[in-house]
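Thanks for coming. I have one structure to go through today, so please bring it up on your screens.

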Amino acid sequence: MTKAAKTYPHALARLAAGALLFCSSPVLGSNFNDFLPGAKAMGMGMAFSAVADDPSAMFFNPAGTANTPYAQAGSSLGRMDSPVGAMSFMSLNYVRPFEPINTATVGAAYYAGRQTNGGDRDAFLFHYAQEVKLPQLYLSKPLKVGGNFKFINIDRKGPGTFGAGFDGGVLARSNFGLSGSFAVLDFTTNAGVPHPIWVFGTAYTWRKWLTLAGDFRAHRGLSEFYPGLEAAFHQGLLKARVGRGFQLDGITQVAFGLGVNFSPVILDVAMTVPAGGIHKKGGSYQATFNYRFGAPSFAGNYVGQAAGQAESLRSDINLLEDRKKTLETETDTASTNRAVAEGELRVLEKRVTQLQETYRQIQKKRDEVDYELNGLQIEKKNLTPAPPPPPKPKPRAPSKPLVLWPRRHAVQAGDTLRSISQQYYADPALWEQIYDANRDKVERGLPKESAVLTIPEPRR
């Protein structure tokens, strides 16, 4: 058993405990008229409007059946108990793709509930659902919408009340397993249903095996929250469910369910027990049978999934083999390049050794030449006659008058830096010294007229 498989039961237990903590207090207004059939929904604690993935979704959220790939027929049969009296119920439903519109589904369903000392309810509905793409909504998957047109008859141990009504719903889904839904149920004429039921639901599927869901239902000024979860095992062959059960006549329930996928046959069973103990008056059980026409058998699907996984693993192995060959080729190329580089390095080292030896020979030759040159210079010195006596020194010219630096020069019209340098230094090439000392008084290479220049001591 893998590590992930070992953690499934523990994770399931923790999430179940957390979900049950969210159960709200009992609501005394829930009666036979509020109950909806479906063993899968019952096992998930009635938290089904954002899951809505079987034919009983027509009763919880009509949008859920949109784009159904197969025609499906189903039936539910069950019984609930309460202090008021036992309630027996059954449902028949049928949905199929609507060929003129490739994402549409049509169907019909019938529900009958009978409660001792409570009343009777019969509902017959016609169903339509479709996927739509709305450019205004940035949804990763198309939005599901659907509705039921229904006829209802309610008999509370007196004259029956007959009327017509409507159910409607939407279901939005994401690529990462999160979905949200909204539905309005029993929006009817005066048929003994005084107020419609407003349902807000959400569900999140983690790693394709664990689904956590919740439904908030409000009607007749009352509100109820139904949490639930579902865990799938063996690629969906077996599904276990737990949640808060339907509170018939105010009896708080804890729900459990089990689903088996023998495609094209799917069997779901569920039961609830009173939260206060099995000795309390309450509890229920229900079984649902669904048949999908034209659906592949689960065995073939299971083998196909296993074959697909094997093919995926084989593809991964081939990729790894190709990668291995590529790495081996790269390694061989690197080894060859390394050998070539090492050979070139040895050639260069040998060349360096030869150059060092040549350099030492050149140095030795140079030392020999220097030695011979020194010997020739000594011989030349010995053969050279004595130099004539130095001439008598000429009388020193009279000293010029002392000049004090720096000097000042008032610029006249026509003066240039070269002319001023000639005047003071007797050398026009020294004009840059005057320019360096008077940069702020020179404009465009000429001294400003009437400016007083500083003439520094000349540097030869």
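I will start with the whole chain, then take salt bridges, surface patches and a few backbone details.

What you are looking at is a predicted model, not an experimental one. The protein chain has six helices and 18 strands. Of its 460 residues, 37% count as buried. The chain exposes about 27,400 Å², and 61% of that comes from carbon and sulfur atoms. As for contacts with a separation of 6 or more, 54% of them are between residues 24 or more positions apart.

Salt bridges next. In general, side chains of opposite charge can pair when their charged atoms come close. The count for this model is 15 salt bridges.

Take Lys-40 and Asp-53. Their closest N and O atoms are 2.7 Å apart, and the two form a salt bridge. The pair links distant parts of the chain: Lys-40 is in helix H2, residues 39–43, while Asp-53 is in the loop between H2 and helix H3, 13 residues apart. Are the two partners buried or exposed? Lys-40 counts as buried because its relative accessibility is 6%, and the cut-off for buried is under 20%. Asp-53 has 44% relative accessibility, so Asp-53 counts as partly exposed.

The second pair is Arg-121 with Asp-186, a salt bridge with the closest N and O atoms 3.1 Å apart. Here the partners sit in two strands, Arg-121 in S4 (residues 119–132) and Asp-186 in S7 (residues 178–188), 65 residues apart. Both Arg-121 and Asp-186 are buried.

A third salt bridge joins Arg-439 and Asp-436, with 3.1 Å between the closest N and O atoms. Asp-436 is partly exposed, because its relative accessible area is 42%. Which residues are joined into one network by salt bridges that share partners? They are Lys-40, Asp-53, Glu-230, Arg-241 and Asp-268. The first pair I described, Lys-40 and Asp-53, is therefore part of that network.

Now the surface. There is a patch of negative charge made by Glu-321, Asp-322, Glu-328 and Asp-332. Glu-328 is found in helix H4, residues 298–383. With 41% relative accessibility, Glu-328 counts as partly exposed.

There is also a nonpolar surface patch of about 640 Å². Its members are Tyr-94, Leu-238, Leu-258, Leu-267, Val-269, Phe-289, Tyr-291 and Phe-293. Where does the largest share of the nonpolar patch come from? Strand S14 supplies that share, with three residues. Strand S13, residues 265–274, and S14 each give at least two residues to the patch. Phe-289 lies in S14, and Phe-289 is partly exposed because its relative accessible area is 42%.

On to backbone details. Most residues other than glycine have a negative phi, and most peptide bonds are trans. This model has some exceptions to show you.

The peptide bond between Ser-263 and Pro-264 is cis, with omega about 10°. Pro-264 lies in the loop between strand S12 (253–262) and S13. Which residues does Ser-297 touch, not counting residues up to four places away in sequence? Ser-297 touches Ser-263 and Pro-264, the two residues of that cis bond. Ser-297 itself is placed in the loop between strand S14 (283–293) and H4. Its relative accessible area is 37%, so Ser-297 is partly exposed. From Ser-297 to Val-265 is 32 residues in sequence and 8.5 Å in space, C-alpha to C-alpha.

Two residues have a positive phi although neither is a glycine. Asn-117 has phi of about 65° and is found in the loop between strand S3 (104–115) and S4. Ala-426 has phi near 60° and lies in the loop between helix H5 (417–425) and helix H6 (431–437). Asn-117 is exposed because its relative accessible area is 60%. Ala-426 also counts as exposed, with 58% relative accessibility.

Last, a residue on the buried side. Asn-93 lies in strand S2, residues 87–98, and counts as buried at 6% relative accessibility. Leaving out residues up to four places away in sequence, Asn-93 touches several residues, among them Pro-55, Met-58, Phe-59, Gln-72, Ala-108 and Asn-290.

That is what I had.

Key: Residues are numbered from 1 along each chain as its sequence is written. This is a predicted model: local features need pLDDT of at least 70, side-chain atom pairs count only at pLDDT 80 or more; totals for chains, interfaces and linings use all residues. Side-chain values use heavy atoms; hydrogens and water are left out. Helices (H or I, at least four residues) and strands (E, at least two) are DSSP runs, numbered from the N terminus. Buried means under 20% relative accessible area, exposed over 50%, partly exposed in between (1.4 Å probe, protein chains only). Contact means heavy atoms within 4.5 Å. Accessible areas come from the Shrake-Rupley method with a 1.4 Å probe; for residues, only the protein chains shown count as cover. Patches are made of residues with over 30% relative accessible area and no salt bridge: like charges are joined within 9 Å, nonpolar side chains (Val, Leu, Ile, Met, Phe, Trp, Tyr) within 5 Å. A salt bridge is a side-chain nitrogen of Lys or Arg within 4 Å of a carboxyl oxygen of Asp or Glu. Lys and Arg count as positive and Asp and Glu as negative; His and the chain ends are not counted. The place of a charge is taken as NZ of Lys, CZ of Arg, CG of Asp or CD of Glu.
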